[in-house]
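Hi everyone, thanks for coming. Let me walk you through a protein that is new to most of you; please have a look at it first.

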Amino acid sequence: MPRYRLDIEYDGSGYAGWQRQAGQHSVQAAIEQAIAGFCGEDVTIRGAGRTDAGVHATGQVAHLDLAKDWPDDTVRDAINAHLQMAGETVSVRAASIAAGDFDARFSAVGRHYLYRIVNRRAPLALEAKKAWWVARPLDAAAMHDAAQALVGRHDFTTFRSVQCQAKSPVKTLDRLDVQRDGEAIEIRASARSFLHNQVRSMVGSLKRVGEGAWTSADLAATLQACDRAACGPVAPPDGLYLVRVDYPSA
């Protein structure tokens, strides 16, 4: 039974998130239905990241097992054909044969997220639901400087959803960079794994720094508090993208 790796992108605006949920429109269920339409198999695919409702991806990875050995291009094209017929905003960018022990979630050694803020007075038209519109001017340099206090191994309880199921709040954040490009502010976060809502929680707190409500010291104190109540407002899902998942080299 061959195992396939799928590299996937999606506009998460119309979905209840990646994970299949009863009575909800999810990315996972959409792909599984497309696979059933393609080859008649009832399969379960497993993704590298369980993105929330409204969160997007350009580099999600999933794996699945099929009974028949299909060419890679056939798997990609057939799934996409059924996704398009169903009107889904999901695309399989690539399909490839994977090792039998490859696991999209547990084999991953790094995950990379991008959060996009559009910082301008005028509301969004073309990028509505694709970025967080913030009308008040933000100091991206101050946000970047403050963000460095979060890099490293810490107890991220403050930036952890109360619904998070991770066994420990301790994570190692490898990167948290903030950069402005015209109206856009891009926040890039990298780690082996993240807590539920961690990136959006950190972005919401960094916004407080950018608008001058908090200092770098305030953000550091918020981390040290290990108290969810100390977190700034959680940023909306619209601006969050899972952009890449890393795996050990073959």
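**The overall picture**

Let's begin with the whole chain: the protein has five helices and 10 strands. Those are DSSP runs numbered from the N terminus, with at least four residues of H or I for a helix and at least two of E for a strand. The radius of gyration is 19 Å, close to the 18 Å from the globule rule for 250 residues, so the protein is as compact as a globular protein of that length. That radius is taken over C-alpha atoms, and the rule is 2.2 Å times the number of residues to the power 0.38.

A quick word on the source: this is a predicted model, where local features need pLDDT of at least 70 and side-chain atom pairs count only at pLDDT 80 or more, while totals for chains, interfaces and linings use all residues. Residues are numbered from 1 along each chain as its sequence is written, and side-chain values use heavy atoms, with hydrogens and water left out.

Along its principal axes, the C-alpha trace spans about 60 × 40 × 35 Å. Of the 250 residues, 48% count as buried, meaning under 20% relative accessible area with a 1.4 Å probe and protein chains only. Now contacts, which are heavy atoms within 4.5 Å: among those between residues at least 6 apart in sequence, 71% join residues at least 24 apart.

**Two loop residues**

Let's zoom in on Thr 51. Where is Thr 51 found? Thr 51 sits in the loop between strand 2 (46-47) and strand 3 (56-65). Thr 51 counts as buried because its relative accessibility is 7%. Its side chain makes a polar contact of 2.7 Å with the side chain of Tyr 10. For a polar contact we need a pair of N or O atoms within 3.5 Å; within protein, one must be able to donate a hydrogen and the other to accept it, and residues adjacent in sequence count only if both atoms are side-chain atoms. Leaving aside neighbours within four places in sequence, Thr 51 touches Tyr 10, Gly 17, Trp 18 and Leu 242.

Our second stop is Ser 161, in the loop between strand 7 (152-155) and strand 8 (170-181). With 8% relative accessibility, Ser 161 is buried. Its side chain reaches the backbone nitrogen of Gln 163 at 3.0 Å. Beyond neighbours within four places in sequence, Ser 161 is in contact with His 196, Asn 197 and Arg 228.

Thanks for listening!

Conventions. Buried < 20%, exposed > 50% of the residue type's maximum accessible area, 1.4 Å probe, protein only.
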